[in-house]
Amino acid sequence: MSAAAVEHPCDDGPEPLLVTANRLAEQHPGYGVEIIGGVITVAPPPDGPHADALTTLMIPFLAAGLHGTESRVLQGIGLWLPSGPEDYAIPDLALVDADFDAHLIENNCYDPAVFRLVLEVTSSNYNSDLRHKVAAYAEAKIPVYVILDRKHSRVHVLTEPGGGNYDRHEVYAPGQRAPLPASIGAAVELDVAELIASGRARG
């Protein structure tokens with residue numbers, strides 16, 4: 001997905017960013033609209049291999065029993081961010097506490113405190129996932145941030161958020177398995193080669 005910043009109209013003064021973002025989402029069904037650092041980004045729908053990789057990523061979480069009474073594995077759930085008064089992100093995949101629906105904040109987005117892990121599968125906007133969202137998720141104190149970097153064929157596991165960054169950043173290549181912290185609620189390892197293969201365009 002290639003993301004582009006959007007400026008809001010200013011006929012009688014600027015409208016709230018959330019109003020602009022929601023209008024853009026209505027005008028472009030299937031596009032990803034987010035506000036990070038006070039900037040609206042609009043990304044086109046992901047390609048098929050992106051969706052394939054996302055499904056492949058879900059399997060070890062489901063197999064570990066993490067979609068149950070204590071936690072839930074969800075795609076496309078809104079995360080309210082502390083980086084700005086109207087900031088929010090929609091990670092590709094998230095592991096949240098099972099009572100997440102009691103922690104709705106605004107605009108169908110939920111309190112960062114219920115998120116155990118967020119995960120992004122990169123497209124052409126990989127710089128956003130590897131930079132802007134690292135800072136945003138760290139500031140929100142999301143304990144674990146996983147990035148499937150399809151461009152560079154590797155998996156990043158970021159833990160120990162502090163300030164605007166993660167203190168621990170492990171990178172795994174095909175042939176390796178990426179273990180996730182036990183703090184997510186179960187033992188999960190990601191097969192990097194399998195994930196890279198599922199996210200690669202065919203033909």
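**A walk through the strands, sheet and rings**

Let's start with strand E2, residues 32-36, which is mostly covered: four of its five residues are buried. Keep in mind as we go that this is a predicted model. The partner of E2 is strand E3 (residues 39-43); the two run antiparallel and are joined by five bridges. If you want a spot to check on screen, look at Glu-34, which stands opposite Thr-41 in E3. Two residues separate E2 and E3, making the pair a hairpin, and Gly-37 in the turn has a positive phi of about 65°.

Now move on to the main sheet. Here six strands line up as E4-E7-E10-E11-E12-E13 in an open sheet with mixed pairing. E4 (71-75) and E13 sit at the edges with a single partner strand each, so one side of each has no neighbour in the sheet. On average, neighbouring strands here are turned by 15° against each other, direction ignored.

Inside that sheet, E7 and strand E10 (residues 115-121) run antiparallel and share four bridges. Val-96 has Phe-115 in E10 as its bridge partner. Two helices pack on the sheet. Helix H2 (residues 48-63) touches E4, E7, E10 and strand E11 (144-149), and its direction makes about 150° with that of E10. Helix H3 (residues 126-139) touches E10, E11, E12 and E13, with its direction at about 170° to that of E11.

At the E13 end, there's another hairpin to look at. Strands E12 (residues 154-162) and E13 (residues 165-172) pair in the antiparallel sense over seven bridges. Val-157 is bridged to Glu-170 in E13. Two residues lie between these strands, and Gly-163 in the turn has a positive phi of about 65°.

Finally, the rings. With centres within 6.5 Å as the rule for a pair, the count comes to three aromatic pairs. One of them is Phe-100 with Tyr-110, edge-to-face at 5.5 Å centre to centre and 70° between the planes. Phe-100 belongs to the loop between strand E7 (93-97) and strand E8 (104-106), while Tyr-110 is in strand E9 (residues 109-110), so this pair ties together parts 10 residues apart in sequence. Both rings belong to buried residues: Phe-100 has a relative accessible area of 16%, and Tyr-110 has 15%. Next come Tyr-137 and Tyr-145, whose ring centres are 4.8 Å apart with planes at 80°, so that pair is edge-to-face. Tyr-137 and Tyr-145 are buried as well, and together with Tyr-166 they form one aromatic cluster.

Conventions: Residues are numbered from 1 along each chain as its sequence is written. This is a predicted model: local features need pLDDT of at least 70, side-chain atom pairs count only at pLDDT 80 or more; totals for chains, interfaces and linings use all residues. Side-chain values use heavy atoms; hydrogens and water are left out. Buried means under 20% relative accessible area, exposed over 50%, partly exposed in between (1.4 Å probe, protein chains only). Two strands pair if DSSP finds at least two bridges between them. Rings of Phe, Tyr and Trp (its six-membered ring) pair if their centres lie within 6.5 Å; planes under 30 degrees apart count as stacked, over 60 as edge-to-face and the rest as tilted. Axes are lines fitted to C-alpha atoms, for helices over the stretch in contact, and angles run from 0 to 180 degrees between N-to-C directions. Contact means heavy atoms within 4.5 Å.
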